[in-house]
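Visitor: I am new to this structure and would like a close look at a single part of it. Please take one helix and then follow what lies around it.

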Amino acid sequence: MTPNRYERLFGDVVPEQRLVTDEATLSRFSRDTTEAEPGRPDVVLFIENAAEAEAAVRVAAEHRVPLIPRIAGTNLGGLSIPVRGGAILDLTGFNRIIDINEIDMIAVIEPGVTFGQLVAELKRRQLPLTIGIPLSPPHTSIMANCLLDGLGNLSLLYGTMGEWITGLEVLLSTGQTIRTGAWAVSDVPPFARAPLPDLTGLFVSWQGTTGLVTKMAVELKPKLAFRRRLFVLTYNRRTTYDLMRRLARQRMFDDIGGLSWPTGKMMYGIERPLERDPDEPEFFTYIDLSANSEAELSIKLDTMTRIIAEQRSNGAELEDPLDLDTIVKVAPQFEKFAEFPTDLEFLTQHPGGGLSWVGTYGPMSRFDRAADLGIEIMARYRFPPLIVSRPMKGGHFGVLRFIETFSRDDDKEVEAVRRCNAELTTMVLEQGFIPYKTPVRTTAQVIPHLWPGTHQLMRRLKEVLDPYQIMNPGRWGLDTEEEL
Ligand SMILES: Cc1cc2nc3c(=O)[nH]c(=O)nc-3n(C[C@H](O)[C@H](O)[C@H](O)COP(=O)(O)OP(=O)(O)OC[C@H]3O[C@@H](n4cnc5c(N)ncnc54)[C@H](O)[C@@H]3O)c2cc1C
């Protein structure tokens with residue numbers, strides 16, 4: 001068969017078997033689990049190293065072919081679906097752990113390194129270190145989560161995953177390679193982004209529109225030997241958020257998560273639970289803590305118990321915490337929460353296949369109102385009020401997510417998700433929250449809220465960093481042909 005345009009262009013970039021243009025593959029890569037509009041790539045290149053990535057960027061720049069980086073494709077924002085066709089760079093095989101510096105607690109990794117892979121490697125080397133781990137499946141990329149400014153199970157202590165990055169090596173479509181953080185000065189594993197002008201931010205939350213990151217240095221944190229995960233029935237959202245706010249500022253807990261009642265039902269296999277049982281608590285909360293010794297652990301447990309007792313004496317309805325090990329004995333489904341990373345199959349593997357969210361960061365002071373309004377909106381569209389809320393960075397802010405599962409092949413449901421998410425987005429923006437990992441439709445709602453000078457500067461930076469407009473185009477209203 002005569003090679004098509006893309007096969008000719010990229011023929012020298014990767015071996016033949018890693019350049020794919022068959023319809024089945026293109027169609028698989030043209031959508032994800034969300035309601036995002038499908039977009040067909042022209043070719044998928046399975047990139048395995050920096051030299052191939054560099055060659056792909058060079059060819060794409062010369063011939064103005066859009067490049068869309070992708071690893072597991074689970075960003076839940078349609079971010080690796082091509083908006084203007086082009087080449088998907090599948091980076092799953094570009095996955096070496098280049099270095100783990102135990103003393104400085106820094107890992108240097110390639111794009112395809114997954115949470116499962118790094119956690120297994122730390123375990124294999126018997127290093128008492130860990131990375132912040134999200135609730136996404138083990139096969140998802142650490143780099144993608146950091147570049148998308150996601151969060152993990154240590155974000156209460158250390159902030160968004162973007163903040164964990166200490167250095168990047170980035171290929172620009174101009175052909176330049178740049179380094180950020182201490183890497184800009186020396187080859188040692190970059191210990192910090194300070195004290196240089198911080199260019200790392202030019203690649204965090206830009207959704208791959210400014211450059212292709214080929215190497216990242218990221219902080220690891222001590223993994224303490226004594227750990228507990230406890231669950232508390234917190235009954236309603238007021239009690240949950242009050243407790244969260246109080247616990248968060250103790251600087252003692254690794255993670256605190258308030259989950260709404262559909263989570264429990266869905267873990268038991270009920271796909272679309274719309275009705276809460278009369279005695280069923282509206283919310284439950286998990287609390288993670290870790291310590292260097294039994295004595296330290298017991299101080300933390302005592303603090304938690306004291307705060308719960310105080311909240312209760314102030315009138316809050318709260319049960320005593322239950323250890324996860326105890327819960328698992330009566331409800332084995334909770335085993336899923338025992339060790340991260342984990343695959344929450346009730347979200348990722350239900351028959352309808354659809355999963356979406358409006359995920360936001362926002363002030364903890366406004367959680368109650370935003371949750372009230374969000375629950376109302378979800379009920380109107382007949383989605384269970386599946387909410388995950390977690391304080392971050394010592395309680396300065398938190399993540400509030402409204403999650404929907406749905407049938408991807410049912411057009412009516414897909415439309416309902418679109419409308420529900422659009423309404424949720426309007427609401428969260430009005431309440432002062434900021435959506436993250438934003439799909440194209442959501443970004444279009446965010447842009448009018450952006451300070452005009454900020455958006456103009458973003459566009460100018462885009463022109464400088466990606467003058468050919470080939471890096472994941474169509475996002476953030478950055479392309480030159482898009483109206484301001
Ligand atoms: C059930 C479930 C739970 C989840 N829970 C969480 C959670 O708790 N916290 C959280 O933060 N997220 C969560 N997520 C979202 C998502 O899984 C994570 O953000 C994940 O780490 C993304 O990894 P990925 O391999 O799927 O990346 P992909 O979806 O493949 O990411 C691709 C995007 O990342 C960017 N990108 C990737 N590589 C590069 C590169 N080399 N250079 C430039 N840009 C690049 C680009 O914008 C690209 O479009 C969850 C998802 C699911 C399905």
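Guide: A residue is called buried if 20 or more other C-beta atoms lie within 10 Å of its own, exposed if 12 or fewer, and partly exposed in between. The model is a predicted one. The part to look at is helix α4, residues 115–124, where Phe115, Leu118, Val119 and Leu122 are buried. Seen down the axis of α4, these buried residues fall within an arc of 100 degrees, so they line one face of the helix. Ala120 and Arg124, on the other side of α4, are exposed.

What covers the buried residues of α4? The cover includes the strands β5 (97–101), β6 (106–109) and β7 (129–130), and also helix α5 (142–147). Just after α4 comes Gln126, with a positive phi of about 55 degrees.

Two of the covering strands, β5 and β6, lead on to a sheet. This sheet is open and has 5 strands in the order β5-β6-β10-β8-β9, with antiparallel pairing. Its edge strands are β5 and β9 (177–179), each of which pairs on one side only. On average, neighbouring strands of the sheet are turned by 10 degrees against each other, direction ignored. In general, strands of a sheet pair through backbone hydrogen bonds, either parallel or antiparallel.

Between β5 and β6 there is a loop, and Met105 has its place in that loop. The phi of Met105 is near 60 degrees, a positive value in a residue other than glycine. Met105 counts as partly exposed because it has 18 C-beta neighbours inside 10 Å.

On from the loop, β6 pairs with strand β10 (residues 212–219) in the antiparallel sense, over 4 bridges. Within this part of the sheet, Val108 stands opposite Ala217 in β10. Helix α3 (residues 50–63) packs on the sheet, where α3 touches β8 (165–171) and β10. The direction of α3 makes about 140 degrees with that of β10. The loop between β9 and β10 holds Pro195. A cis peptide bond joins Ala194 to Pro195, with omega at about 0 degrees.

Helix α5, another part of the cover over α4, leads to the ligand. The ligand is surrounded by 33 residues, and the closest are Pro134, Ser136, Asn145, Gly150 and Gly208. Elements that give two or more residues to this shell are β3 (67–70), α5, β10 and α11 (345–348). Which element gives the largest share of the shell? That share, 4 residues, comes from α5. By kind, the residues of the shell divide into 19 nonpolar, 13 polar and 1 charged. Thus β10 appears in two places here: β10 pairs with β6 in the sheet, and β10 gives residues to the shell around the ligand.

Two other contributors to the shell can be followed a little further. The loop between α10 (324–330) and α11 is where Pro341 lies. Phe340 and Pro341 are joined by a cis peptide bond, with omega at about 0 degrees.

Strand β3 belongs to an open sheet of 4 strands, with the order β1-β2-β4-β3 and mixed pairing. In this sheet β1 (19–20) and β3 stand at the edges, each with a single partner strand, so one side of each is left without a neighbour in the sheet. Strand β2 (residues 43–46) and strand β4 (residues 87–90) pair in the parallel sense over 4 bridges. The bridge partner of Leu45 in β4 is Leu89.

To return to the starting point: α4 has buried residues that line one face of the helix, and exposed residues, Ala120 and Arg124, on the other side. The cover over the buried residues includes β5 and β6, which are also strands of the sheet of 5. The cover also includes α5, the element with the largest share of the shell around the ligand.

Definitions and conventions: Residues are numbered from 1 along each chain as its sequence is written. This is a predicted model: local features need pLDDT of at least 70, side-chain atom pairs count only at pLDDT 80 or more; totals for chains, interfaces and linings use all residues. The arc is that of the directions from the helix axis to the C-beta atoms. Two residues are in contact if their C-beta atoms, placed from the backbone, lie within 7 Å. Two strands pair if DSSP finds at least two bridges between them. Axes are lines fitted to C-alpha atoms, for helices over the stretch in contact, and angles run from 0 to 180 degrees between N-to-C directions. A residue is near a molecule or strand if its C-beta atom, placed from the backbone, lies within 6 Å of it. Ala, Val, Leu, Ile, Met, Phe, Trp, Tyr, Cys and Pro count as nonpolar, Asp, Glu, Lys and Arg as charged, and the others, Gly among them, as polar.
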